[in-house]
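I opened this notebook to record what I looked up in one model, sheet by sheet and then core by core. Each entry gives the item sought and the result.

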Amino acid sequence: MVTIGIVGAGLRGRLFAEALQGQPDVTVVGLAEPSPTVAEEARAATGLPVTASHSELLGAFDPDAVIVATPDFAHRQIAVDVADAGKHLLIEKPVATTMDDARAIAAAVHRAGVRCLVGFENRWNPHVVQAKAAMANLGRPITASATLSNSFFVPTTMLSWAAQSSPAWFLLPHTLDLVLWLTGRKPEAVSAVGSRGVLAQRGIDTWDVVHALVTFDDGSTATLSSAWTLPDAGDGIVDFRFQVIGTEGSVTADLSHQGLTVVSDKHRSVWPVSGRIGRSQVGPAVWMVQDFAAGLVDGGDLGPGIDHGVLVTQIICAIEDSISTGQTVQLSAPTG
C-alpha cells in the first residue's frame, strides 16, 4: 500500500485526491492548505482531513509520497522539506520559477534519493502520445511550433495569484516540454519578445503575451506563443495547437477541445482538459497522477523527472531575460 498526501487543496489538489480514489493499493491520507476557507471546501468535497501546513501533514500522516499542488512560485520549501523527509514527489509544472529554487529542489531530491515526477501532463494526452509515435516516421525534425493560450477568465478569475505568474510560467512549460519530448533535441539558445499593459489595466501586472524562438543543437528551431488575453466570449478558455515538421513528414494537432464539442439549445460543452464525465475522472492530469501512484506501487517509470523540470525552468528564465534585454540568450548546462 502506498500512502499519498497532497499539499494545496485548491482545484488541482482536489482533482488529484478524487482521481486517486479507488486506485489499487493507494490511499490519500490527507491534504494541507493554509487558507481556512479553501481547507473547509476541500474537507467537504473530499471527506479527507486537511492540515494547515505541509509540516503538519508530514507529522500527522507520514505519507510515502506527496503531491505539491500549490501555486508555481510556492514549491521550494515544500518540495525540499518533503524530499528531506525521504518522501517521493509529484511537483506540478513548473518545478520552480527561479533557478535558485529549481536547483534547491533538485539538490534535495538527489540528496535524498527519492523519486520525483514533474507534472508535464500532456505526456498523458492521447493525441500527444500518438504524435510522439508518429515522430519515428517523420525523419529529422526541422522546426516545431506550438500555441497555448487562455482567455481572460484564467488570470482574472481562475487564478488569485496571476500577478505572481505569467503566460510564460503558467503555459509555456506545457509547450516547451511537448517540443522537447517530441523532437528529442537539446536547446542551445532562446530569443523572445512580449507585450504587457492590457492585464495591468485590469489590476494584474504581468505579461499579456509571450513569443519565444528556441534554437536547438542541430540547428532546428521551435516557435512558442502564449497569451492570457483571449476573449471570454470566445470558443472556450483554451487555445492549444502544435505542429512538428520533419524531413519526411509532419504532425499537426489542435487540442483546444480535445477533438470533441457538444452543443444543444441549452448547453455547450467541450471535452475537459481534466474533469468528470459521468462517474469517471478523465483527462491528462487525472491519468498522470494515477500513473504516478501506480509507478510508486509497482516500481515502474514515473515520467519526466526533476532534471528535466530544472531544464524547463532554465529555458523560461532565459525567455524572460531575452524579453527584458532584447538579446538572444545562450543556454548553459544547469549547475548545482
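The entries below cover conventions, annotated spans, sheets, helices and cores.

**Entry 1. Conventions.** I note that this is a predicted model, in which local features need pLDDT of at least 70, side-chain atom pairs count only at pLDDT 80 or more, and totals for chains, interfaces and linings use all residues. Residues are numbered from 1 along each chain as its sequence is written, and side-chain values use heavy atoms, with hydrogens and water left out.

**Entry 2. Annotated spans.** I looked up the UniProt record, an unreviewed entry, and found "domain: Gfo/Idh/MocA-like oxidoreductase N-terminal" listed for residues 3–120. The same kind of lookup gave "domain: GFO/IDH/MocA-like oxidoreductase" for residues 137–251, also from an unreviewed entry. UniProt positions are given here in the numbering of this model, feature names are shortened, and annotations may be inferred rather than shown by experiment. I then read the composition: residues 3–120 are 43% helix and 23% strand, with end C-alpha atoms 22 Å apart. Residues 137–251 are 23% helix and 43% strand, and their end C-alpha atoms lie 10 Å apart. Helices (H or I, at least four residues) and strands (E, at least two) are DSSP runs, numbered from the N terminus.

**Entry 3. The parallel sheet.** I traced an open sheet of 6 strands in the order β3-β2-β1-β4-β5-β6, with parallel pairing. Two strands pair if DSSP finds at least two bridges between them. Its edge strands are β3 (50–51) and β6 (116–119), each of which pairs on one side only. I checked β1 (residues 2–7) on both flanks: 6 bridges join β1 to β2 in parallel, and 4 bridges join β1 to β4 (residues 65–68), also in parallel. As register markers I recorded G5 with its bridge partner G30 in β2, and I6 opposite I67 in β4. I also found 6 of the 7 residues of β2 buried, where buried means under 20% relative accessible area, exposed over 50% and partly exposed in between (1.4 Å probe, protein chains only).

**Entry 4. Helices on this sheet.** I asked which strands α4 (residues 76–84) lies across, and found β1, β4 and β5 (88–92), with α4 running at about 165° to β5. Axes are lines fitted to C-alpha atoms, for helices over the stretch in contact, and angles run from 0 to 180 degrees between N-to-C directions. The buried residues of α4 are I78, A79, V80, V82 and A83; their cover includes β1, α3 (54–61), β4, β5 and α5. Just after α4, G86 takes a positive phi of about 80°. I found that α11 (residues 284–298) lies across β1, β2 (26–32), β4, β5 and β6, likewise at about 165° to β5.

**Entry 5. A helix pair.** I examined α5 (residues 99–112) against α12 and obtained an angle of about 175°, with the axes 10 Å apart. That makes α5 roughly antiparallel to α12; angles under 35 degrees count as roughly parallel, over 145 as roughly antiparallel, 65 to 115 as roughly perpendicular and the rest as oblique. On the α5 side, M99, A102, I105, A106, V109 and H110 meet I306, D307, V310, T313, Q314 and C317 in α12; contact means heavy atoms within 4.5 Å.

**Entry 6. The mixed sheet.** I traced 7 strands in an open sheet of mixed pairing, in the order β12-β11-β7-β10-β9-β8-β17. The edge strands here are β12 (249–254) and β17, each pairing on one side only. I followed β8 (residues 187–196), which is joined antiparallel to β9 (residues 207–216) by 9 bridges. V190 stands opposite V214 in β9, and A192 has A212 as its bridge partner there. Toward β17 (residues 329–330), β8 pairs in the antiparallel sense over 2 bridges, with A189 opposite Q330.

**Entry 7. Cores.** I looked up the largest nonpolar core and found 78 residues, those with the most contacts inside it being L89, I105, F242 and I319. A nonpolar core is a set of buried Ala, Val, Leu, Ile, Met, Phe, Trp, Tyr and Cys residues joined through side-chain atoms within 4.5 Å. Helix α12 (residues 306–325) gives the most to this core, with 9 residues. Apart from it lies another core of 30 residues, among them A17, V26, L31 and W124. Leaving aside neighbours within four places in sequence, I listed contacts of F242, including V128, A131, L178, L182 and V251.
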